[in-house]
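Hi everyone, thanks for making time. I'll walk you through one structure today, so have a look at it on the screen first.

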Amino acid sequence: MTERAQRALRLGTRRSKLAMAQSGQVAEAVRQLTGRPVELVEITTYGDTSRENLAQIGGTGVFVTALREALVAGDVDFAVHSLKDLPTAQPDDLVLAAIPLREDPRDVLVARDGLRFEQLPAGARVGTGSPRRMAQLNAYARAHGMDIECVAIRGNVDTRIGYVRSGELDAVVLAAAGLNRIGRIDEVTDFLSVDTVLPAPGQGALAIECTAADTDLAAALAGLDDPHTRAAVTAERSLLAALEAGCSAPVGALADLLADGQVVHEMRLRGVVGTTDGSTLVQLSTTGPVPTSHGDAVALGRELASEMLAKGAAGLMGERAL
């Protein structure tokens, strides 16, 4: 066995409890796949240390840049990202070697007294750092005669749920996938239907990235790839890119597979963009054959984006949540 084959693979990860949990799960999968030891290398990103509003410090990329720099510098061999944190443009020197099977993509509510969203009292304070969630929650509330106030928050899962436990907020909205990965899904009081709140493009999916030059490692990691998940998130991220939206723009998207019994025959892509106060939403969907290539998935996203732009989405893209 060569020295390289025996050397531990270095997996770059953010230091948050969630990042460590999902990186640990990937590390174990890579150990089983390659027979090589994997060690976690913790990397602090600006997005982890800054207390500024996410939209104001550069959106999703703030969590990714430091990990990518470590990859390019050779400090780590591969990295794990939450796919929804990745900017839509892929650097030429890095490759998404694997997108594993997606977790639950839905958003969830953690509310006081076990309340579901529809049961929140008038004037309820709902915490979220996401303009996308604010736009859709406010739109739903308007349509159903509810009176809620969305409050911008940041912080890890403990911090966010802590606002509810302390009584400062009535509820917070989080991603189901994250709570599943850290074993806290039992604290959810309501799973928000994707008909109410479309998730962020790529939500619930992980991206395993390495340098394009390391073709052996890329080929090995590809064993963890789930083709249907990759097709779905590629379509979602293509929609996002075509709307020229960063994280600070309220865009939701979800591609799901439509099955007839056990046979998957079509993919449906849904997209939404809106003003954060929920007064205006552009929400459309398209259905087509399951993409069999990267280009097909990209085309599906672009097609829906152009329809949304024609329906007025462009006028909403300048919205920023303060």
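Okay, find Leu269, and you'll see that its bridge partner in β13 is Thr286. This is a predicted model, by the way. That partnership belongs to a bigger picture: strand β12, residues 263-274, and strand β13, residues 281-289, run antiparallel and are joined by nine bridges. Together β12 and β13 make a hairpin, and six residues sit between them. In that turn, take a look at Gly278, which has a positive phi of about 80°.

Next, a pocket. The second largest one holds about 390 Å³ of space. Fifteen is the count to remember here: of the 15 residues lining this pocket, Thr88, Thr234, Arg237, His294 and Val298 are the closest to its centre. The elements giving two or more residues to the lining are β4 (94-98), α9 (227-242) and α10 (294-310). Which of the elements gives the most? That's α9, with six residues. As for chemistry, the lining has seven nonpolar, five polar and three charged residues.

Last stop, the aromatics. The structure holds one aromatic pair. The ring centres of Phe117 and Tyr140 are 5.6 Å apart and the planes sit at 50°, so we call the pair tilted. Phe117 is in the loop between β5 (107-111) and β6 (124-127), while Tyr140 is in helix α5, residues 131-143, so the pair ties together parts 23 residues apart in sequence. Are these two buried or exposed? Phe117 is buried, at a relative accessible area of 1%, and Tyr140 counts as buried too, at 17% relative accessibility, because the cut-off for buried is under 20%.

Terms used:
Residues are numbered from 1 along each chain as its sequence is written. This is a predicted model: local features need pLDDT of at least 70, side-chain atom pairs count only at pLDDT 80 or more; totals for chains, interfaces and linings use all residues. Side-chain values use heavy atoms; hydrogens and water are left out. Two strands pair if DSSP finds at least two bridges between them. Helices (H or I, at least four residues) and strands (E, at least two) are DSSP runs, numbered from the N terminus. On a 1 Å grid over the protein atoms alone, a cavity is a set of points where a 1.4 Å probe fits but cannot get out, and a pocket is an open set with protein on both sides within 12 Å along at least five of seven lines; lining residues have an atom within 4 Å of a point. Grid points are joined across faces, edges and corners, and a volume is the space filled by probe spheres set on the points. Ala, Val, Leu, Ile, Met, Phe, Trp, Tyr, Cys and Pro count as nonpolar, Asp, Glu, Lys and Arg as charged, and the others, Gly among them, as polar. Rings of Phe, Tyr and Trp (its six-membered ring) pair if their centres lie within 6.5 Å; planes under 30 degrees apart count as stacked, over 60 as edge-to-face and the rest as tilted. Buried means under 20% relative accessible area, exposed over 50%, partly exposed in between (1.4 Å probe, protein chains only).
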